[in-house]
Amino acid sequence: MAWRFKASKYKNAAPIVPKAEACVREICVGSYQTYGNNIAASAAFMAFNWEHTGSSVSVLPLDDCGRKSKTMPLLHGHTDTVTDLKFSPFHDGLLATASQDCLVKIWHIPEKGLEQSLSDPEAVFSHKQRRVETVGFHPTADGLMYSTAAGCVALFDLSVQKEIFSNNEHPEVIQSASWREDGTVLATSCKDKYVRIFDPRAAGSPIQMVAESHQSIKDSRVVWLGNQSRILTTGFDAARLRQVIIRDIRNFNQPEKTLELDCSTGILMPLFDPDTNMLFLAGKGDTTINYMEITDKDPYLTEGLRHTGEQTKGACLVPKRALKVMEAEVNRVLQLTSNMVIPIMYQVPRKTYRDFHADLYPETTGYKTALVASEWLNGTNQAVPKMNLDPAKREHGDEPIIPRLGPKPFSSNTGDVSFDKVFAVPLAPGSHENISNVGQETESIVPPTNKPDIIVEIEIKKKHEHEPNPLSGNGVQKSLTTSERRKIFEQNSESSENSTEGEDRTDADLRRLSSARSSIAERRRLYESRSKSQVDEKAQSPVPLRREHSKGEPLKPNQQQQHQQQSQSNQIDTKRISVPEGKLLEEQHRQRGNGNVNSAGIKKSATEAAFSASASTKRTSTVFGKVSKFRHLKGTPGHKSTHIENLRNLSRQIPGECNGFHANNERVAVPLSGPGGKIAIFELSRPGRLADGVIPSLVNGSNIMDFQWDPFDPKRLAVACDDGIVKIWLINEDGLTEPTNTPAAELTAHLDKIYFIRFHPLAADVLLTASYDMTIKLWDLRTMSEKCSLNGHTDQIFDYAWSPCGRLGATVCKDGKIRVYNPRKLEAPIREGNGPVGTRGARISWALEGHYIVCTGFDKVSERQISVYNAQKLQAPLNTVSLDVSPSILIPFYDEDSSTLFVTGKGDSTIYCYEITDEEPYICPLSHHRCTSLHQGLSFLTKNHCDVASVEFSKAYRLTNTTIEPLSFTVPRIKSELFQDDLFPPTRITWNATVSSDEWFNFSDKTADKISLKPDGMDTLSSIQQVSVAAAKRPEPHSHFGQKSEYESSKQQEIQKSVSARMEYTTKLEQDDMEGVDENEWQE
């Protein structure tokens, strides 16, 4: 029994949590209903789900820390939540992601991490309309990946990009899978409450063993305990207590150990280290991480120190070769929380950390293997060689182990396994392969190897570093190693970024573009940089050239014959080759020794034009980040003397389709609680505290569904009721003095309830109504007659928005669709696309002169989001921004002059501000305004009521529980005494009707007039700047400096006077009091 009292070396391993500065902070992570851990790590990177939808993945260096921006580069590869993600054990830059969109994608992470967002994976595998649950790599065979979807287990060979095994014998969803360390068999945990041992290479059925497991259909996990014959599962029993079960496959039906922990809803994620037998149990939603040590005898599980901290969203272990072994770090857990990634170091206490403690670090599994997928599938088993973590025994000494960022070029003795066929990366326009892809049989070919070379080292051998030129004496390029090609690419890519665009490229740069270049990152980066300039509509096409020999010196007869033979074999018309391709062709002739092609024949001006057209088309805002003039907008509530106070009995029963509060420049309308559908009218010209007693109101007699002021008549209010009637009210000049129930007119619009009403933005007396009967009708209020009817909706209509031109309209519906109508021409929608998936409500608005559509709504986990669509292409949003989880619908208001979007919801205290742009990311966050209290509604006024003298670009009224407050949005400016014409362009007149109802229904469209908001007597900012610039450009007769304007000169004189009055001024120098030196002394 002596083993019972044998102390473990890892018994006192203590979790050490770093300070917040050493963690990755201010990230955005949601709660995902998946069977994955939501985070993965290699020796170089960490990857985790991003945003509340989880469809994007963030990849950061493993030792990264600090605050992260929401605009950081991401992997945008999936259209739905990423369910699982894993790094390859043999390549630290190879990441596999599985998603609910039924796809598995393979990504290659560059050595320096993500410098820009990626959306094109290296390979894609489909599970045929089945949600992918788990994904991972084989522990011993390189290039072998597995994934599970529903009850299917599939194996994929990455070297040939094919599925090599598939089995559907699991009756329910596979919740977890884990390979044995030797890679022979796989353990699976299924929703049918059984655990199985799975051998894909077995003859007959691959399921070798089946045993009853946890008695709950909730999530369960399985992990193989290293190379032992035991597995460990976590799950829930019939009473929903969390369980840990250890089984021996030699007695599979009987659990070796069953441990019941507590009653909690989060699944325990088991993280096991086979070298130390340390087990970490991190529960989703828990604030504690349990550490246990597994033994091969009773009690089997020995509890260690427990870590308590933040709530866990996901967790993973860091590979052993990335640990700080000189600090006695035996394991590191990456804990993913809602806004942080916390690296928790488990350290064994020792007296000194100067030496390497070999007793804590047994040899661990290495990262180099000679086994490939095809060999493993044919029955070959080969263990991965072990490696020693002692820095003195490492290959590179005390230096950290260099991460392996493969796969790189594939080579094989068969023609089927080639780089182009494995990854199918398109050729870059103007690349060397694009020109000389025909007739390559005559060129030197790299000798084939015996098997696909998937593993590639990063470091370069010293004997290749001193070679002056890889070209042999006969002018044929020798085959370079992958490390050489990678180093050449990195050096030349850095130099090309810093060099002048029009300069000629060096031989090394052209060698980078030669056929030997096969790096994934090289080819993809070159392709994207060229293709983006061609996709851009504003980019000019490269300048075409004539034949090279027509611009250079005349060719000799033998050279002409060789040139004709080459042109016949390659079938290339150089008349249609752009400048970069022409230069590459010139280099090709030079390498083949086909004469001295005059490089000066290509004019530098043409080269500069071509390169400027392709490389300079990126806008400055995309390189340096968009900087908005309204970035620091400021919301200021009005003085208390302008408030309307002592509001009472506000209604809380207004439907979600109604904004609940409307204001114009003269009065506001507020719904009141109680029977009869009452709406109170308050005059803005009479602020102050309301008298106690009955508030005068409009009594509609039915429940109010929606109401809106006429945009051209501040005295007319339209109210829609649940009986399908729209009532038109006219308010007296002195306001509402007593309750009234007699409207000016009634319009029986529908036989069912009305969702909402909308006035036309340009035409007078045109009203739109949407009803529960899923129809939209347009009315002429002058004649009280129906003019148009719109159909096509299959569910509740959430919102309708008129385009700025007044011709089109957009709707968002509960069926998850966005539709665009031309009401006067067709009853059916002219365009249709996918909208928010949430069914709780949505709003829609037009932006950027009707070219874009902004839609607010909810996702499937009830998180509020804002999406921007191209009005011509509604299939998918251009970008979506997630805010938070809240039940209130985001109500948008768009200011077309500043392109600023204000969104807020009932019961919120924050008004979110964004700028809508026509380039990525399309939604740029501005300074949000946080109010001191919750508001029940927000209503903006037209542009002509803004105080432009105080740089107020938008004005609104805010409804709280007891007050109505004015709210001013301004932009801080230094020269506020000038009219900021860069902030206030000529605005459209939306407060006066442009056309009448008859004209509009008769297809008479008129553009709204524009006026300047500049007050009389104010100078514009641009005029002052133009004067100063013109003065600066006017040279003095005998000086090289520009002349200052009168304004600047007067300011400078004032500053000099004020400084001189406060400081002692003297022209005497210190050296004037010093004694001189004789000239004789200098000569000595």
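# Notebook: strands, cores and cysteines

**Entry 1, strand 28.** I started at strand 28, residues 314-317. G314 and C316 point one way from the strand, while A315 and L317 point the other way. All four of these residues are buried. I note here that the model is predicted.

Next I looked for the partner of strand 28. Strand 29, residues 329-336, joins strand 28 through four bridges. The two run antiparallel. I checked one register position: A315 has Q335 of strand 29 as its bridge partner.

**Entry 2, the largest core.** Which residues have the most contacts inside the largest nonpolar core? I found F280, V330, V333 and Y346, in a core of 27 residues. I then asked which strands supply it. Strands 28 and 29 each give at least two residues. So do strand 23 (268-273), strand 24 (278-283), strand 25 (288-294) and strand 30 (340-347). Strand 30 gives the most, with four residues.

I picked V330 for a contact list, leaving aside neighbours within four places in sequence. V330 touches Y10, D273, M278, K320 and L323. Its list also holds Y346, V348, L360 and Y361.

Another core lies apart from this one. I counted 21 residues there, among them L633, C913, L938 and L967.

**Entry 3, Y291.** I moved on to strand 25, where Y291 is found. Is Y291 buried or exposed? Y291 is buried, because its relative accessible area is 1%, and the cut-off for buried is under 20%.

I listed the contacts of Y291, again without neighbours within four places in sequence. From the start of the chain come Y10, K11 and A13. M278, L279 and F280 are also in contact with Y291. The rest of the list is T302, E303, G304, L305 and Y346. Y10, M278 and Y346 turn up in the list for V330 and in the list for Y291.

I also took one distance. Y291 and F272 are 19 residues apart in sequence, and their C-alpha atoms are 10.0 Å apart in space.

**Entry 4, a four-strand sheet.** I turned to an open sheet of four strands, in the order 7-8-9-10. Its pairing is antiparallel. Which strands are at the edges? They are strand 7 (82-87) and strand 10 (123-126), each pairing on one side only. Neighbouring strands of the sheet are turned by 15° against each other on average, direction ignored.

I looked at one pair in detail. Strand 9, residues 103-108, pairs with strand 10 over four bridges in the antiparallel sense. V104 stands opposite F125 of strand 10.

**Entry 5, the record.** I checked UniProt for annotated repeats. Its unreviewed entry lists "repeat: WD" at residues 75-117, 167-199, 747-789 and 790-822. I computed two of these spans. Residues 167-199 are 0% helix and 52% strand, with end C-alpha atoms 11 Å apart. Residues 790-822 are 0% helix and 52% strand, and there the end C-alpha atoms are 9 Å apart.

**Entry 6, cysteines.** How many disulfides does a search of the whole structure find? I got zero. C23 is in no disulfide, and the nearest cysteine sulfur, that of C65, is 8.4 Å away. The cut-off for a disulfide is 2.5 Å between the sulfur atoms.

I closed with accessibility. C23 counts as buried because its relative accessibility is 2%. C788 counts as buried too, at 13% relative accessibility.

Notes
Residues are numbered from 1 along each chain as its sequence is written. This is a predicted model: local features need pLDDT of at least 70, side-chain atom pairs count only at pLDDT 80 or more; totals for chains, interfaces and linings use all residues. Side-chain values use heavy atoms; hydrogens and water are left out. Buried means under 20% relative accessible area, exposed over 50%, partly exposed in between (1.4 Å probe, protein chains only). Two strands pair if DSSP finds at least two bridges between them. Axes are lines fitted to C-alpha atoms, for helices over the stretch in contact, and angles run from 0 to 180 degrees between N-to-C directions. UniProt positions are given in the numbering used here, feature names are shortened, and annotations may be inferred rather than shown by experiment. A nonpolar core is a set of buried Ala, Val, Leu, Ile, Met, Phe, Trp, Tyr and Cys residues joined through side-chain atoms within 4.5 Å. Contact means heavy atoms within 4.5 Å.
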